[in-house]
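Trainee: Could we go through the aromatic rings together? I am new to this one.
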Amino acid sequence: MSKRRSGENVTDPGETHLKVEERETHAAGVKAVVIAAKHALPRAGVVRTMRSFLKLNQADGFDCMSCAWPDPDPEHRHTAEFCENGAKAVAEEADRRRADPAFFATHTIPALDQQSEWWLGQQGRITEPLVRRPGSDHYEPISWDAAFRLIADELKSLSSPDEAIFYTSGRASNEVAFAYQLFSRAFGTNNLPDCSNMCHESTSVALAESIGIGKASVSMRDVYDAELIVIAGQNPGTNHPRMLSALEIAKRRGAKIVAINPLREAGLINFRNPQEVKGIVGTGVDIADDYLQIKLGGDLALFQAVGSLLVEWDALDHDFIDTHTTGFADWAAHVAQVDHELVVEATGLSWEQITGFAERLRASKGTVWCWAMGITQHRNGVATIKEIVNLALAHGDIGKRGAGLFPVRGHSNVQGDRTMGIWERPPAKFLDALQQEFDFDPPREHGLDTVEAIRAMRDDKAHVFIGLGGNFLQAAPDTDITSQALRNCRLTVHISTKLNRSHLHTGTTALILPTLGRTEKDVRGGKEQFVTVEDSVCSVHASRGPLAPASTSLLSETAIICGIAEATLGDKYGIRWSAMANDYDVVREHISRVVAGCEDYTQRVDRPGGFVMPHPPRDSRTFETKSGLAEFAVSPIELLQVPKGCLLLQTMRSHDQFNTTIYGLDDRYRGIHNGRRVVFLHREDIAAAGFNNGDHVDLIGHWDGDEIERVAADFRIVEYDTPRGSAAAYYPETNPLVPLDSTAVGSNTPTSKAVVISLRPVQAVAPVAPGAGRPGADEGGQDEVGADEGHKRFPQPEHLS
Ligand SMILES: Nc1nc2c(c(=O)[nH]1)N[C@H]1C(S)=C(S)[C@@H](COP(=O)(O)OP(=O)(O)OC[C@H]3O[C@@H](n4cnc5c(=O)[nH]c(N)nc54)[C@H](O)[C@@H]3O)O[C@H]1N2
Ligand SMILES: Nc1nc2c(c(=O)[nH]1)N[C@H]1C(S)=C(S)[C@@H](COP(=O)(O)OP(=O)(O)OC[C@H]3O[C@@H](n4cnc5c(=O)[nH]c(N)nc54)[C@H](O)[C@@H]3O)O[C@H]1N2
Ligand code: SF4
Ligand SMILES: [Mo]
């Protein structure tokens with residue numbers, strides 16, 4: 001087996017011609033439209049492209065499966081109500097290419113594992129259920145019935161239901177999510193980890209404790225009407241592109257915007273709306289009025305400093321504080337003690353910048369707070385979000401027009417999946433309702449989250465892994481450990497649309513169950529079915545795919561889950577699995593009786609625009625917390641101790657990817673073309689480490705919790721406008737560096753935005769383990785030989801915490 005390093009990835013044609021240009025200072029514009037068409041037409045063809053684009057995000061069409069940004073009201077929608085990245089997501093799914101059984105007969109699993117993640121996705125839609133039998137190095141076709149029986153047999157052979165893991169990625173519809181959690185609990189476990197554990201879990205935990213519900217307290221109207229919008233740790237130009245249209249409206253109505261981000265992201269600088277003449281011929285609209293280029297992980301300190309000023313100036317909503325909150329006095333006393341020097345050191349901002357931000361808050365009568373992964377994926381993520389809540393409470397910015405908390409969710413239905421019970425720590429009320437409806441005792445003990453599930457599989461405590469969508473191996477931290485964990489299983493099952501690396505690091509037996517996507521017509525029981533989803537502002541609506549399925553053998557996700565459940569449980573508890581599989585109204589009837597806020601679900605979701613879930617703080621300023629009031633929280637500021645010679649690395653998305661799905665090799669807003677293995681660094685950090693712009697380096701991860709040397713090999717240095725000490729590179733190539741045990745306090749979310757690394761010259765010989773993003777990731781295949789060789793213990797820098 002060759003020992004090619006992953007930086008020399010011969011399968012990505014452009015990668016060897018990596019080009020670094022000036023970064024762009026505006027987002028979207030005409031280029032976005034051209035690029036959307038360039039992606040869609042060759043993959044999906046003209047007819048499928050037109051047919052799908054005309055139905056994308058329309059009231060009678062399908063919900064964009066990319067991000068969870070909400071749609072405008074039905075009467076305010078354009079004919080083209082989508083963005084460049086929504087178009088790329090549709091094109092990726094509407095792909096005319098096919099990874100059929102002949103493809104899998106030609107390519108062995110080890111050979112496929114030598115290809116890049118991008119290449120795997122380019123092989124097209126999977127058309128038939130496939131099995132990898134013990135000892136085989138091929139996937140081969142299997143019938144649906146045989147696949148369901150195989151899963152049932154493995155599940156029934158476990159000594160405890162808790163030895164099974166039921167993972168969910170946030171694209172799953174409400175219907176399948178409900179059926180899946182029902183199956184897991186009827187089987188006997190709450191082991192329902194999901195992508196949320198790696199994503200907005202810090203938000204869910206912090207908001208539940210502070211305001212009694214883990215969701216956004218705003219509507220789109222609030223965004224339009226805000227006087228001030230704070231956008232912290234979010235890159236909407238790439239990850240929620242239509243948010244820019246909403247910001248444009250708010251700006252034209254006079255809103256001010258403060259961006260808090262280590263990087264000057266194009267979408268936060270200027271936006272040219274391709275749907276308006278002004279956006280095509282004009283200079284667009286400037287987005288951020290103030291841009292605070294904060295150091296990684298400095299937000300908690302910043303928000304506490306701002307809090308101290310609001311208290312000092314008495315810029316407070318005393319009515320709101322007195323009527324609706326508790327803990328104000330303790331918080332005010334705490335922030336009054338904030339150490340200015342510590343704040344300046346933690347944030348890298350000047351006191352003037354911090355005061356300027358506080359003045360904007362003081363002046364604003366309605367502030368909307370937006371945040372995403374730059375806040376949640378830190379050790380102090382939960383505390384930071386509670387600090388955002390503190391500021392909103394101090395200013396009475398909850399349950400008021402033009403104001404509120406707006407965690408902008410990632411996957412299009414990640415929020416809905418939680419509402420439907422995909423949660424390893426389900427609330428007792430939910431389980432009570434489930435018990436009432438189905439007449440069985442659901443397990444009450446908490447299940448495993450993503451990080452705990454990896455440990456359980458690694459340590460031989462869990463033996464079956466089922467993934468409802470997603471790409472667990474590449475999304476999870478510590479790629480090598482996750483690979484080992486999956487390989488330890490007796491059975492791994494992936495319900496997927498397209499090939500990804502999780503299919504290639506298999507248990508003893510493995511299944512790929514191909515499914516219909518959102519773009520596709522779903523006919524069951526002679527009736528065209530629809531599914532439902534919930535967006536970031538709690539709006540629930542229907543989605544109907546317009547295209548013919550990629551293969552006649554595909555089943556919908558709901559049919560697959562009900563099929564597995566029926567094979568495993570038969571008619572235990574009298575749950576009518578086939579009735580649910582054949583008519584999703586049956587699932588919705590159950591939902592309407594089990595999920596609070598979903599009464600009369602079937603009728604209400606099928607109206608144009610659907611309905612909005614209840615949210616007590618937003619609707620009536622009521623707070624279902626322990627105290628019955630909104631709770632101020634007191635959190636100490638912990639300075640991240642980065643050892644000398646080390647940097648903090650954030651792992652983020654390029655403009656040409658959706659999570660682990662790589663659409664292409666460009667990140668044009670950041671000036672990167674034809675490659676992904678780049679590390680963005682401050683000029684002085686490059687020099688201090690003894691390198692030059694353009695040099696190639698290995699990234700070495702440091703974590704003193706264990707003995708592994710973590711390496712991501714061969715990254716090109718790109719000098720970039722980022723604060724000193726704060727580096728950036730793309731996920732998932734850098735996931736081998738993210739330590740499994742380094743997680744946010746309170747939410748257990750991997751700290752993907754604060755990985756301690758150092759740089760070293762690219763080493764000529766680096767024996768490698770399989771797993772994308774690893775040194776030689778795309779090359780190791782299933783060659784176990786390389787797995788541990790050469791992983792010498794790297795001397796741990798002092799004071800590493
Ligand atoms: N096209 C596209 N759309 C997507 C996705 C995708 O991959 N592609 N993924 C979807 C998913 S699942 C999610 S969760 C969202 C993710 O959406 P984002 O959260 O926007 O995603 P990231 O690329 O991780 O970007 C994090 C941003 O936070 C900044 N940041 C990092 N650390 C810090 C910090 O310490 N403080 C502050 N203030 N800022 C920081 C980074 O510079 C970057 O701008 O997008 C969703 N939408
Ligand atoms: N280092 C680092 N790691 C991260 C992050 C980070 O910022 N940095 N972000 C984290 C975040 S926010 C998230 S949400 C997770 C994402 O983790 P996941 O949700 O597990 O990963 P995705 O890449 O979104 O999943 C892509 C796969 O989903 C399958 N798929 C696509 N459409 C469908 C469908 O309609 N149905 C089914 N059944 N399958 C489908 C395809 O096979 C595709 O390969 O990653 C996390 N990991
Ligand atoms: S903003 Fe998000 S949901 Fe809307 S079209 Fe773009 S990718 Fe799709
Ligand atoms: Mo996410």
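Mentor: What follows concerns aromatic pairs and charges over rings. This is a predicted model, in which local features need pLDDT of at least 70, side-chain atom pairs count only at pLDDT 80 or more, and totals for chains, interfaces and linings use all residues. Residues are numbered from 1 along each chain as its sequence is written, and side-chain values use heavy atoms, without hydrogens and water.

Trainee: How many aromatic pairs are there in the whole structure?

Mentor: The search finds 25. Rings of Phe, Tyr and Trp (its six-membered ring) pair if their centres lie within 6.5 Å; planes under 30 degrees apart count as stacked, over 60 as edge-to-face and the rest as tilted. Tyr167 and Phe472 are edge-to-face, because their centres are 4.9 Å apart and their planes are at 75°.

Trainee: Where in the chain do Tyr167 and Phe472 lie?

Mentor: Tyr167 is in strand β7 (residues 164–168) and Phe472 in helix α24 (residues 472–475), 305 residues apart. Helices (H or I, at least four residues) and strands (E, at least two) are DSSP runs, numbered from the N terminus.

Trainee: Is Phe472 buried or exposed?

Mentor: Phe472 is buried, at a relative accessible area of 0%. Buried means under 20% relative accessible area (1.4 Å probe, protein chains only). Tyr167 is also buried, at 2%.

Trainee: What about Phe183 and Phe187?

Mentor: Their pair is tilted, with 6.2 Å centre to centre and 40° between the planes. Both residues are buried. Ring pairs also link Phe183 and Phe187 into a cluster with Phe166, Tyr180 and Trp577.

Key. Chains are lettered from A and ligands numbered from 1 in the order in which they are written. Buried means under 20% relative accessible area, exposed over 50%, partly exposed in between (1.4 Å probe, protein chains only).
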